[in-house]
Amino acid sequence: TLLHLVDRISLGQPIARGRVVLHPVYVHQDPVDVIGAGRAGVRLSERPDPSVPQVRVINPADRPALLTAGTILRGGMQTRMVSGSVLLPTEEPVELPVSCVERGRWSGGAGFELTDTVAPRRVRRTTDATMTRNLTEGRRMADQSAVWQSVEHELGHDEPANPTRNLDAPRPPRGDERIAAAIEELTSRGPLPRQTGVLVSHGERMVAADLFGNPELLADMWAGLVRSYYANAPERTQGRPSTTHGLAYLRYFLTRPANRAGAVALGDEYRINARAITGTGLLDRDRLVHATCFARAA
């Protein structure tokens, strides 16, 4: 389970910018010998018989590679999103669970571009929660209708500019200049030295976290995660960010009963479906590779 990580987590001082607070997280374990999928140069393609909930991926690197949940895959028959984090072996084809985030297209080529874009937090939360529910019925896939609904919520009313309803399509910048400035500052500076995760809050309210098994994995995903968190920046917040409250939130997540789901490729996957939180942990030989969690009503 994830319980053994409770005493291996610490938080740094919160960084508040543009109504979103990022709490640096440090996971105190021997770093996993894993690289990010982008650094590994993974190759992605449609299956020979293209299917919405799966694409094929091969890791050509000489060590395992992490393909992180929420990552956008551009191209193929339609734009997809990685439904759950996968630890890829070397030179072995893997059928990757994905969700469609471009409802109005089923045409194009077989190849995909691995982007540095991560789906907004609420889309990721919907995908994680519905995939966990479906796994109890033996189906490793998210609820596609629910994912489309969450994508529609993000896109709003820009039909003429986005006829295929593509989550990855360019969109006009948000009107709040503080958000744009916060994203620019945070993505430019990157994570702190030895930082291996980030906890997100809106004022005092904890809403999400991503924890990685080594600092390089976080650094590789940093810009995409920051933009993802700010895509759902609140209009207002209450209270002040609290490190004590943040640790309590992470401990709540890590101590919930977890169902071992069987990983897609390497490692062990644990899924948590609690009243206030949904989340997933991917471990390799009891060492954290990636964990993510989301408050259910935020």
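**Exercise 1.** In this predicted model, work out what helix 6 (residues 243-255) should span at 1.5 Å a residue, and check the result against its end C-alpha atoms.

*Solution.* Start with the count: helix 6 has 13 residues. The expected span is 1.5 Å times one less than that number, so helix 6 should span 18 Å. Now look at the ends: the C-alpha atoms there are 18 Å apart, which agrees.

**Exercise 2.** Find the buried residues of helix 6 and decide how they are placed around its axis.

*Solution.* First, list those under 20% relative accessible area: Gly-246, Leu-247, Tyr-249, Leu-250, Phe-253 and Leu-254 are buried. Next, take their arc around the axis: it is only 155 degrees, so they sit on the same side of helix 6. Finally, visit the N-terminal end, which Ser-242 caps with a side-chain oxygen 3.3 Å from the backbone nitrogen of Thr-244.

**Exercise 3.** Describe the largest nonpolar core and say which helix gives the most to it.

*Solution.* Begin with its size: this core has 28 residues, and Leu-22, Leu-66, Phe-212, Leu-225 and Tyr-230 have the most contacts inside it. Then ask who supplies it: among the elements giving at least two residues each are strand 3 (20-27), helix 4 (177-189) and helix 5 (215-231). Helix 5 gives the most, with eight residues. Apart from this core lies another, of 25 residues, including Leu-247 and Leu-254.

**Exercise 4.** Trace the open sheet of three strands and name its edge strands.

*Solution.* Read the order first: 4-7-10, with mixed pairing. Strand 4 (35-36) and strand 10 (86-88) each pair on one side only, so they are the edge strands by definition. Strand 4 pairs with strand 7 (residues 65-67) in the parallel sense over two bridges, and Gly-36 has Leu-66 as its bridge partner.

Notes:
Residues numbered from 1 in each chain as written. Predicted model: local features only at pLDDT ≥ 70, side-chain atom pairs only at ≥ 80, totals over all residues. Heavy atoms only, no water. Core = buried A, V, L, I, M, F, W, Y, C linked by side-chain atoms within 4.5 Å. Buried < 20%, exposed > 50% of the residue type's maximum accessible area, 1.4 Å probe, protein only. Helix = DSSP H or I, 4+ residues; strand = E, 2+ residues; numbered from the N terminus. Arc of directions from axis to C-beta. Polar contact = N/O pair within 3.5 Å; in protein donor to acceptor, adjacent residues only side chain to side chain.
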